[in-house]
Amino acid sequence: MDSSQRIADRFAQARTAARPALIAYITAGDPTPERTVELALALERGGADILELGVPFSDPIADGPVIQRASDRALRAGTNVARVLDIAAQIRKQSDMPIILFSYLNPLLRYGFDKLCQDAREAGIDGCLFTDLSVEEAGDTVETMRKHGLDTVFLAAPTSTERRLKLVAEFSTGFVYVVSRTGVTGEQSTVAGGVDTLVTELRRLTQLPLAVGFGISKREHVEAVGSYADGVVVGSALMRVIEQYGAAPDLAAQLESFTRELTARP
Amino acid sequence: MSQATQMPDAGGHFGPYGGRYVPETLMAPLEALEQAYYAARQDPAFQSELADLLANFAGRPTPLYEAKRLSQNLGGARIFIKREDLLHTGAHKINNCLGQILLARRMGKKRIIAETGAGQHGVASATVCALFGLECIVYMGEEDMRRQKLNVFRMRLLGAKVVAVTSGSRTLKDAVSEAMRDWVTNIETTHYLLGSALGAHPYPMMVRDFHRCTGDEARQQILARVGRLPDRIFACVGGGSNAIGIFTAFLGDENVKLTGVEAGGRSLSAGEHAARFEGGAPGVLQGAYSYLLQDGDGQVSLTHSVSAGLDYALVGPEHAWLHDQGRANYVSASDRDALNAARTLARTEGIIPALESAHAVAEAIRCAPADQGLIYIVNLSGRGDKDTDIYRENFPELDAENA
C-alpha cells in the first residue's frame, strides 16, 4: 500500500491557493475524549488543513507547561491509545482532513507497534510523528509504518547537523516538521530567527513539504513563516483556548473562531 | 574479558536496551558530547587531572573495610564494605560529577544543570560547580525537597540554585524531565550533568566509566586482603550508577555473583515500590529503553521508596541487559528491611548508611547466615547523615529512650 495521498493533496491545495497549510495540534482527550471529535471538526471549519492528534503521555519531556497540563487532563479523563484511535475513526467518518498521530513512543510500544499501525490505518490516520523517536532508532518502526501505508514524519531541528538533516529527509514522508527553535513546545511573542535558513537548507535535501512549528501562535506568525514554509504548526495556542474554555458549552465555537483568526478565513 | 564489558555498541545499545530516544533537537548535542567524551578519555591530561581530583579532592581510594562484628553476628559470610560513603560530599556521586565537570569545561559550557532525587547528586554537582566557578541549577521534586531538607540547604550554601519541580509525582522522574526541558532550551551554553547511568547515549556508558574506579579498587583491595575474588557483590540500584560502578570490574569474573537491590517500598503492589525487574516491562523513558514501571496503557507508574534516590520508574539500561543475560540478578528490599539494616549496621559497625545503600546491606544481611565461608562485598554508596530525619520518624522509640 502506498503512503497516504491525503497529506500530499492538502499541501498541494494550499500551494495552489498561495498560502501555508495550517497544521493544528490538539491533545486527544482534553477536556474529555468525547469532546475531541467536535473540536477537530471545529478546527477544520476554522481553516485547519491537517490535524495532529496528540496521544497524552505522563512524562512529556518535549512539551512546555500548556501541553503538559493538557496531557494531565486528558489522562485523568481516561484517554489511552485505544480511545485516541476511536476518536480518529469518528473524525474520519465526518471529515477528509488528514490526521497525523503525534505521540511519545512508550504508549504505542505498550499497545503493540504493529497492531497500532494496522489499527491506525483502519481508523483513517494518515501518518505518524513520534517526539522521542530519533532516526537512529527508527528503522523497524518506519518499516512497519510504511508497510501499513502510514506517512512517517520526522523532526528537523536548529541543532541538526547537515548529516542529520539528510537522514531526517531520507526517513520522512508526507512532510518534514521543522522545529523553529531549541526548547519545548509553547507560545512565543516572536518566531525564532534562523528558521528560514533551516528551511532553505532542507529545500536542497528534499522535495517534501516543510512545515514549521514551535512558538507559532498568531496570524502574523503564520504570515511570516508562510512566506518561506509550506505549512505552519500551531499547538500550544490552541490548547490554551481549550484550557480556557474547557468547561464552557461554546468551547468548539471559541476554538473555531481562534483558528479562523490564524488562517484569516472569512 | 567477557563480551559484556565491550558494551554498549556504537549507538549506545546494551543488547536491545539503551539507545537514544530523544527529540531531534537533542541528537546533535548528544553526538557532540559523545565525541568530546571519547576525546577526553584518550587524553592523558584529562585523565591525570581527573585522577588528581579523585585522590586529593574526593578522597580516593576509599577503604575496603571488613565488617567483622556484623559478619560474626550473622554467623555466615565474611562481609567487606566498600566505603564510598567516606568520599567528599558523602556518596559515590562525586566520581561522576568530577568527570563530567572536566568534560563540560573542555566543551566550553558555562552553565551546569542537574537533577537530584535524594540530593546527593545535587550536592556533588553544586560542589564541583563551586570548585570550578560555574553556574549550577539543580532540579528537584518538591516531595524530595521536603524529604531531604538538609541537602537542599547544602546545595544552596554551595551557591547552587535549587528549582522545585511541581509536576507529576514531584520526585526524581519529574526532576529529570524538567532538566531535559531546560537542556533542550539552553543547549548552546549548558551541560546537563546527569547523575545516574540513565538517559540517552552516551550518558549510561559515560557515567559507568566515571564510577568504575569503585570496582577497580575493590577488586585490587580484596585480592590483596584475602588473596582471592569475592563470591558475591551487593549494590543498591535506583538508576544504577553505584552498582554498575562496582559491577564493571567483575563482569569478566564469572564466579563472582552480582546482585542489584531495588526498592521494594511498602509492598510490591503497583505504586508502592520501585522494583522495575519485578513489576516492570521494557519501555522508553527520558531517552532510554529499559525496564520501566508502567501501567497497561504505557503511562509511567508512580513509584514509592523511603529512599528518594531509588524512587525512579526506569532502571539503567546496562542493568536491563545484565539482567536478561543472567550476569547479574536483581532483588528488592522493602522500606522496613532497609531501615532495620541501617540500624543493624550502625550498631554493629558504627556506620550509619544512606537509606539507598541500606537496601544493599539488607540483602547481604538476609543472605549471609546461609553462606558460611563465602566472601561478600557490599557497596556502601553513601552515608546516612542526610537521612537522619527519616530515621528519626521511623525509629521514634530512640528519641524516647533518653527522655
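# A guided tour of chains A and B

Begin by selecting Asn96(B) and displaying its surroundings: apart from neighbours within four places in sequence, Asn96(B) is in contact with His121(B), Leu193(B), Leu194(B), Gly195(B), Val207(B), Phe210(B) and His211(B). The model on display is a predicted one. Asn96(B) belongs to helix α4 of chain B, residues 93-106. With a relative accessibility of 0%, Asn96(B) counts as buried.

**The largest pocket**

Next, select Gln47(B), Asp209(B), Arg212(B), Cys213(B) and Asp216(B). Of the 19 residues that line the largest pocket, these lie nearest its centre. The space in this pocket amounts to about 450 Å³. To see the surrounding elements, colour α1 (24-42), α2 (44-58) and α9 (203-226) of chain B, each of which supplies at least two lining residues. Helix α9(B) gives the largest share of the lining, namely seven residues. By character, the lining divides into nine nonpolar, three polar and seven charged residues.

While Asp209(B) is selected, add Arg208(B). The side chains of these two residues meet in a salt bridge, at 3.0 Å from N to O, and both residues are buried.

**The largest cavity**

Which volume does the largest cavity have? Its volume is about 310 Å³. Select His92(B), Lys93(B), Ser241(B), Gly309(B) and Glu356(B), the closest to the centre of this cavity among its 29 lining residues. In chain B, β5 (111-116), α5 (120-132), α8 (172-185) and α10 (241-247) each supply at least two residues of the lining. The lining of the largest cavity comprises nine nonpolar, 16 polar and four charged residues. In total, the structure holds eight cavities of 30 Å³ or more.

**The second largest cavity**

Move on to the second largest cavity, with a volume of about 150 Å³. Select Tyr177(A), Thr185(A), Phe214(A), Gly235(A) and Ser236(A): of the 18 residues lining the second largest cavity, these are the closest to its centre. Two elements of chain A, β9 and α11 (236-245), give two or more residues to this lining. The lining of the second largest cavity divides into nine nonpolar, six polar and three charged residues.

Stay with strand β9 of chain A, residues 231-234, and select Gly231(A) within it. Is Gly231(A) buried or exposed? Gly231(A) is buried, with a relative accessible area of 0%. Leaving out residues up to four places away in sequence, Gly231(A) touches Phe11(A), Pro20(A), Ala21(A), Leu210(A), Ala211(A), Val212(A) and Val225(A). A distance label between the C-alpha atoms of Gly231(A) and Phe175(A) should read 9.1 Å, although these residues are 56 residues apart along the chain.

**Helix α6 of chain A and the loop after it**

Now select residues 113-122 of chain A, helix α6, in which Phe113(A), Leu116(A), Cys117(A), Asp119(A) and Ala120(A) are buried. These buried residues pack against α4 (81-94), β3 (99-103), α5 (105-111), β4 (127-130) and α7 (139-147) of chain A. Following α6(A) is Gly124(A), with a positive phi near 95 degrees.

Continue to Asp126(A), whose side chain meets that of Arg6(A) in a salt bridge, 2.7 Å from N to O. Asp126(A) lies in the loop between α6 and β4 of chain A and Arg6(A) in helix α1 (residues 5-16) of chain A, so the pair ties together parts 120 residues apart in sequence. Asp126(A) is buried at 0% relative accessibility, whereas Arg6(A) is partly exposed at 25%.

A further salt bridge joins Arg260(A) and Glu256(A), whose closest N and O atoms are 2.3 Å apart. Because Arg260(A) and Glu256(A) are four residues apart in helix α12 (residues 251-263) of chain A, about one helical turn separates them. Over all chains, 53 salt bridges are found.

**The interface between the chains**

Finally, display both chains together: 36 residues of chain B are in contact with 35 residues of chain A. Select Glu24(B), Arg181(B) and Gln299(B), which lose the most area to chain A among the residues of chain B and together account for 25% of what that side buries. The area buried between the chains is about 2800 Å², with carbon and sulfur atoms giving 51%.

How many salt bridges are counted between chain B and chain A? There are four. One to select is that of Glu31(B) with Arg164(A), whose closest N and O atoms are 2.6 Å apart. As a last selection, take Glu136(A), Arg163(A), Arg164(A), Glu24(B) and Glu31(B), which are linked in a network of salt bridges.

Key:
Residues numbered from 1 in each chain as written. Chains lettered and ligands numbered in written order. Predicted model: local features only at pLDDT ≥ 70, side-chain atom pairs only at ≥ 80, totals over all residues. Heavy atoms only, no water. 1 Å grid on protein atoms, 1.4 Å probe; cavity = no way out; pocket = protein on both sides within 12 Å on 5 of 7 lines; lining within 4 Å. Points joined across faces, edges and corners; volume = space filled by probe spheres on them. Nonpolar A, V, L, I, M, F, W, Y, C, P; charged D, E, K, R; others polar. Buried < 20%, exposed > 50% of the residue type's maximum accessible area, 1.4 Å probe, protein only. Contact = heavy atoms within 4.5 Å. Buried area = accessible area lost by both parts, 1.4 Å probe.
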